[in-house]
Amino acid sequence: MIRLLDFEAPLFFTGAGLSSECGIPTYRGEGGIWHEYDYQDYACQRAFDRDPERVWDFHDLRRAKVAEAEPGEGHRRIVEVQRARPATTIVTQNIDGLHQRAGAHDVVELHGSLWRLRCAQTGALVENFETPLVDRRCAEDCYWRPDIVWFEDPMNRAALQAAERALRNCDVLIAIGTSGVVYPAAELPRIAVQRGIPCVEINPEETAVSAWYTHRLRGGASEMLARLIGCDL
Ligand code: OAD
């Protein structure tokens, strides 16, 4: 097994499994959000165009769930690594902002954020808005929409470029709690392995892309991270 602190520039590639340890449900698997809510009604542009209030209610619920949660041990361990190895980067598919709340910096949010709104007409962004928002409209005929990459949306170019930069500069990749079924995010470990970079998958279960990894740790995020880091931080 490799030891994380033998590397100078770890890249953490994180997914919903990391935040599941803080009480936030994952998307797939047991208790997954997409079992209860059909994304076609709650998480795509067509649903928003059809019924923005319904999509807003769903996202208000999700924000409330995240607001009552605290960053978990896994998030805190990543911050510890970042303090010990300042070149550490984080590329997350999570939209909950828990990495930042734990004190992490250089977090690339590949799929956007629950905590940012975008005007569909002008592209104007708003952060630090009151929640639940009293007026969901930014103009007479236009709703604020969550600045999230919904199903069928194009990726955010700046975030993709930042992820590519992080990938270029890392010397080890640690994927935590992602099923590896959403592209292009899921490609990251494959690209890293092709470049000869050791890649560790932390996940209690085998995933669609497990075979790509050079190392696999079967277990929960915080426990496996502790093992990977060793105990001398
Ligand atoms: P998924 O819900 O698809 O997968 C969560 C993964 O976490 C599964 O492989 C679980 O086995 C694993 N897991 C569960 N508990 C864990 C634990 N304690 N420690 C470590 N891993 C654990 O979530 P993502 O792969 O993040 O898009 O989903 C990718 C994207 O699909 C999300 O970003 C989201 C969704 O549609 C947006 O929100 C825009």
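What percentage of the 233 residues in the protein chain is buried? In this predicted model, buried residues make up 53% of the chain. The legends below begin with the whole chain and then turn to individual sites.

**Figure 1. Overall fold of the protein chain, with ten helices and ten strands.** The C-alpha trace spans about 55 × 35 × 30 Å along its principal axes. The radius of gyration is 18 Å, which agrees with the value near 17 Å for a compact globule of 233 residues. Among contacts with a separation of 6 or more, 64% are between residues 24 or more positions apart. The accessible surface comes to about 11300 Å², and carbon and sulfur atoms contribute 48% of that area. The side chains include 26 positive and 35 negative ones, and the centres of these two sets lie 4 Å apart.

**Figure 2. Close-up of the aromatic pair formed by Tyr-37 and Phe-58.** This pair belongs to a total of nine aromatic pairs in the structure. The ring centres of Tyr-37 and Phe-58 are 4.9 Å apart and the planes meet at 55°, so the arrangement is tilted. A pair counts as tilted because its angle falls between the limits of 30 degrees for stacked and 60 for edge-to-face. Tyr-37 occupies the loop between α2 (33–36) and α3 (39–42), whereas Phe-58 belongs to helix α5 (residues 52–67); the pair therefore ties together parts that are 21 residues apart in sequence. Both Tyr-37 and Phe-58 are buried.

**Figure 3. Close-up of the edge-to-face pair of Phe-48 and Tyr-143.** The two rings lie 6.4 Å from centre to centre, with 80° between their planes. Phe-48 is in helix α4 (residues 45–50) and Tyr-143 in strand β7 (residues 142–148), so that distant parts of the chain, 95 residues apart, are linked. Phe-48 has a relative accessibility of 5% and counts as buried. Tyr-143, at 13% relative accessibility, also counts as buried, because the limit for this class is under 20%.

**Figure 4. Close-up of an aromatic cluster that includes Tyr-37 and Phe-58.** The other members of this one cluster are Tyr-27, Trp-34, Tyr-39, Tyr-42 and Phe-151. Tyr-37 and Phe-58, the tilted pair of Figure 2, are buried.

**Figure 5. Close-up of the loop between β5 and β6, showing Asn-128 and Pro-132.** Most residues other than glycine have a negative phi, and most peptide bonds are trans. Asn-128 has a positive phi near 55°. With a relative accessibility of 78%, Asn-128 counts as exposed. The peptide bond from Thr-131 to Pro-132 is cis, and its omega is near 0°. The loop that holds Pro-132 runs between β5 (125–127) and β6 (137–139).

**Figure 6. Close-up of the cis peptide bond between Tyr-183 and Pro-184.** Omega of this bond is about 10°. Pro-184 lies in the loop between β8 (172–176) and α9 (188–194).

**Figure 7. Close-up of Glu-152 in the loop between β7 and α8 (157–169).** Phi of Glu-152 is positive, at about 75°, although the residue is not a glycine. Its relative accessibility is 57%, and Glu-152 therefore counts as exposed.

How values were computed
Residues numbered from 1 in each chain as written. Predicted model: local features only at pLDDT ≥ 70, side-chain atom pairs only at ≥ 80, totals over all residues. Heavy atoms only, no water. Helix = DSSP H or I, 4+ residues; strand = E, 2+ residues; numbered from the N terminus. Rg over C-alpha atoms; globule rule 2.2 N^0.38 Å. Buried < 20%, exposed > 50% of the residue type's maximum accessible area, 1.4 Å probe, protein only. Contact = heavy atoms within 4.5 Å. Areas by Shrake-Rupley, 256 points an atom, 1.4 Å probe, with all protein chains shown as cover. Lys, Arg positive; Asp, Glu negative; His and termini not counted. Charge placed at Lys NZ, Arg CZ, Asp CG, Glu CD. Phe/Tyr/Trp six-rings, centres within 6.5 Å; stacked < 30°, edge-to-face > 60°.
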